[in-house]
Amino acid sequence: MPTGRRRIEDQIVYGISRPTGGHRAVNFRLNAPYVQMYGIVKRFPGVLACDHVDFDVRRGELHALLGENGAGKSTLMRILYGLYQPEDGRILRDGAEVTIHSPTDAIRQGIGMIHQHFMLVDTLTVTENVALGLKSSREPLLDLDRVEDGIRELSEAYGLQIDPRAPVWTLSVGERQRVEIMKALYRGAAMLILDEPTAVLTPQEVDELFVTLGYMKENGYSLVLISHKLQEILAISDRITVLREGRLVGTVPTGEMSRQELARMMVGRDVMLERTREDDIDVGDVKLRLNDVKALDVTGQPALRGVSLSVQEGEILGVAGISGNGQRELAEVIAGLRPIAGGSVEMDGTPISDWTTARRTESGLAYIPEERMHDGIVRDFAVSENLVLQEHTSDKFSNGIFLAFDYIARYSRQLVQDFYIKTPDIRTMTRNLSGGNIQRLILARELSRRPKVLVAAQPTRGIDIGAIEYIYQQLLEQRDTGMATLLISEDLDELLALCDRIAVIYEGQIMDTLIREETTAEELGLLMAGVHPQKQ
Amino acid sequence: MIDELFTISTLIGILHSCVRLATPYLFASLGETFGQRSGVLNLGVDGIMLMGAFFGFYVVFEGHNLWVGVLAAIAIGVMMGLLKAFVSVTMQSLQGISGIGLYLFGLGLSSLLFKTLIGSVEGVSGFRQLPIPLLADIPGIGHILFNHNALVYLAYLMVPASWFVINRTTLGLKIRAVGHNPEAADTLGVSVNGVRYTTLMIGGALAAVAGASLSIGLQNVFQENMTNGLGFIAVALVYFGSWRTVGVLGGALLFSLVNALQLWVQALDIPVPSEVAVMMPYIMTIVVLAFTARQIQRPAALARSYERGE
């Protein structure tokens with residue numbers, strides 16, 4: 001059901017002023033469109049990011065904007081927030097045409113945006129972050145006391161718990177998000193755009209956020225939620241607009257949609273995200289074992305405080321946790337990229353702690369790093385060069401000191417074909433590939449070596465659903481042939497779908513290791529927040 | 001000989017020189033602090049100082065009031081700051097190398113103008129000692145702290161003034177935000193480039209006054225390259241002071257103390273090779289910078305140009 005050009009005036013309700021802590025109180029008509037965008041076009045070099053897209057959001061509505069990476073959803077909202085200028089199209093607010101050249105203009109139109117990467121200055125306090133860019137009542141001097149009072153009022157009205165005097169660097173991710181919302185509220189926003197707001201939160205923090213959003217909705221705020229998590233969109237939105245490759249697929253009322261239908265709209269074909277394998281395969285010997293492993297982070301602080309775990313042949317062990325609890329260090333210690341400060345790592349029963357990375361790789365360890373652009377590939381290398389990066393000195397790919405170009409080319413073409421890597425040519429610079437295709441490339445390189453152990457860190461973060469589906473399939477297939485996989489992820493749905501067992505990491509320690517069938521997202525969420533459910 | 005260095009009157013003399021000699025460092029480093037807190041590294045300070053020193057001197061040499069000389073220096077400093085801002089903010093060239101370019105430009109142009117307009121080393125009567133009534137009569141301390149010329153006092157007044165602007169005004173909040181997270185500031189409608197233009201103009205003005213404080217305040221002559229790299233030390237002092245005004249003050253005093261000591265060692269004919277004495281401040285710079293590796297306060301966006309998008 002595509003949306004045409006229309007002015008929906010259904011269910012007009014007058015009245016109710018929004019309690020925004022006295023900063024702004026206007027009458028509004030519930031369900032009247034607050035912002036309408038028509039025929040928006042935005043071009044980036046080589047890409048048509050938005051191709052005549054229509055979008056509208058009503059007062060008191062939570063409108064979800066769904067699409068794969070690169071579908072144009074963030075671009076569309078950045079246009080609305082004045083960060084990009086569209087080549088064509090019109091924007092209306094309350095039915096009147098407006099031009100938005102900068103975030104200042106957007107804020108003036110009552111539009112606030114919560115970015116995926118928080119836009120906070122961590123050296124400043126909460127109050128200073130809120131006051132930044134605002135006119136002070138005592139210009140040119142700051143009036144932080146007054147701002148602080150305003151923050152306290154708002155935080156009471158909307159249940160946004162924050163200490164106004166805390167420097168931002170001391171706050172948790174959930175608290176930082178509240179500061180972001182506070183910034184918009186304090187500026188008198190009537191509409192909030194939230195760009196993937198739940199990606200970084202624990203399930204409990206997600207619930208709290210949704211409560212706040214629900215309350216804002218009741219008070220007439222217009223909310224736009226950019227997301228690719230089908231489940232949460234179905235749970236809380238009123239309408240859903242789906243974009244694909246810069247084009248509008250359609251706008252639909254949430255009640256009429258199922259997960260499968262949405263996924264089809266988003267990808268343009270049927271998608272299989274569920275676990276496909278028969279249960280209970282035989283797990284064999286322990287392939288990877290960590291005994292009381294300790295390691296320091298980049299700043300020299302302890303990041304791993306005695307991690308013990310083991311992965312068996314034909315098993316996927318998940319590591320759940322909020323980012324920054326030692327996951328990165330865990331992956332790096334196993335891969336040999338970070339010195340071990342205590343304990344031991346064993347592969348196939350042999351201690352490998354003091355082996356070089358190369359020796360680990362040769363002995364059957366594969367690694368999919370979290371920072372795929374930095375650690376996974378060399379951006380300015382050709383696809384084929386990245387495909388043989390690890391083994392380029394082996395006899396297979398070299399003749400003495402020379403590379404065996406013909407063989408490398410043939411081999412690369414085969415992998416590109418087998419792993420469905422979309423690239424114009426094997427000589428294409430890897431940096432020009434999309435995130436999903438780069439991940440396929442890394443997967444191809446790592447899995448084609450038939451590794452015994454795979455360490456995959458956030459393998460699906462930020463890539464499109466088609467590639468995710470493919471990666472899931474590969475991980476499960478490899479597992480069935482006996483590979484032991486350690487899957488580090490922040491996505492609980494992903495872990496619950498793929499893993500046999502899930503270990504929860506919190507502040508560098510394993511809180512507990514649970515069998516997938518015997519646990520729930522709630523239990524994992526509590527463990528991720530450092531709480532033992534049974535000990536409450 | 002060496003024991004002459006430790007008499008009371010010599011010590012008072014050294015401390016007096018120390019307070020006096022800190023003047024150009026203070027102006028220049030405080031100016032550089034503004035730029036760096038907003039994320040722009042300006043290595044061209046020395047060039048701006050030379051331009052300020054020349055114009056301040058030339059105006060006074062032509063018979064104008066000393067304060068007109070200072071104003072002329074400020075004007076040229078603002079222009080040099082604008083030039084730096086255009087190159088590294090608008091055109092987004094690498095900040096380090098464009099600063100070196102600005103330095104060489106200032107060095108060359110001030111020398112050229114000096115040769116064409118003045119020609120030979122001449123003196124002017126610069127700012128006079130302005131003992132502060134009563135305070136200057138306090139024994140010892142009075143001479144050390146309160147018996148200087150107006151530019152010296154002004155330099156010290158700039159310390160709390162700069163602190164106030166950075167920490168207590170809306171402009172200061174913007175400067176701190178832009179230096180640490182320009183993206184965040186931009187999304188709140190703060191003009192990142194506007195703030196950086198402003199700090200570079202402030203920095204240029206202060207650097208030029210630093211130069212003038214040499215040519216019409218402390219030495220009362222102009223010579224080619226008379227700053228002798230002092231502007232680079234001023235940049236180093238900002239790092240030394242961890243981007244805080246008080247830290248900059250401490251650094252400037254420590255540095256000028258070594259300098260004063262060096263001058264007195266030479267003046268008293270103490271048998272230390274003069275090369276060694278002259279080297280002391282520079283060795284000091286290296287040592288101090290080597291030990292100020294902790295960069296807690298470092299503006300995260302320092303030396304990174306900002307472009308919207310991505």
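## Polar interactions across the interface

In this predicted model, the rule finds 1 salt bridge across the interface of chain B and chain A, a salt bridge being a side-chain nitrogen of Lys or Arg within 4 Å of a carboxyl oxygen of Asp or Glu. The partners are A:Glu128 and B:Arg176, whose closest N and O atoms lie 3.0 Å apart. The same interface holds 6 residue pairs in polar contact, both residues at pLDDT 80 or more (N or O atoms within 3.5 Å; within protein, one able to donate a hydrogen and the other to accept it, with residues adjacent in sequence counted only if both atoms are side-chain atoms).

On the side of chain B that touches chain A, the elements giving two or more residues are α6 (150–168), α7 (170–180) and α8 (182–187) of chain B. Of these, α7(B) gives the most, with 6 residues.

## Extent of the contact

The contact takes 27 residues from chain A and 22 residues from chain B (heavy atoms within 4.5 Å). Between them the chains bury about 2000 Å², 68% of it on carbon and sulfur atoms (accessible area, 1.4 Å probe, lost on being put together and summed over both parts). B:Leu173, B:Thr187 and B:Leu188 supply 34% of the area that chain B buries against chain A, more than any other three residues.

## Confidence and conventions

The model scores ipTM 0.87 and pTM 0.73. Chain B averages a pLDDT of 90 (the predictor's confidence in each residue, from 0 to 100).

Residues are numbered from 1 along each chain as its sequence is written, and chains are lettered from A in the order in which they are written. Side-chain values use heavy atoms, without hydrogens and water, and local features need pLDDT of at least 70.

Notes. Buried area is the accessible area (1.4 Å probe) that two parts lose on being put together, summed over both. Helices (H or I, at least four residues) and strands (E, at least two) are DSSP runs, numbered from the N terminus.
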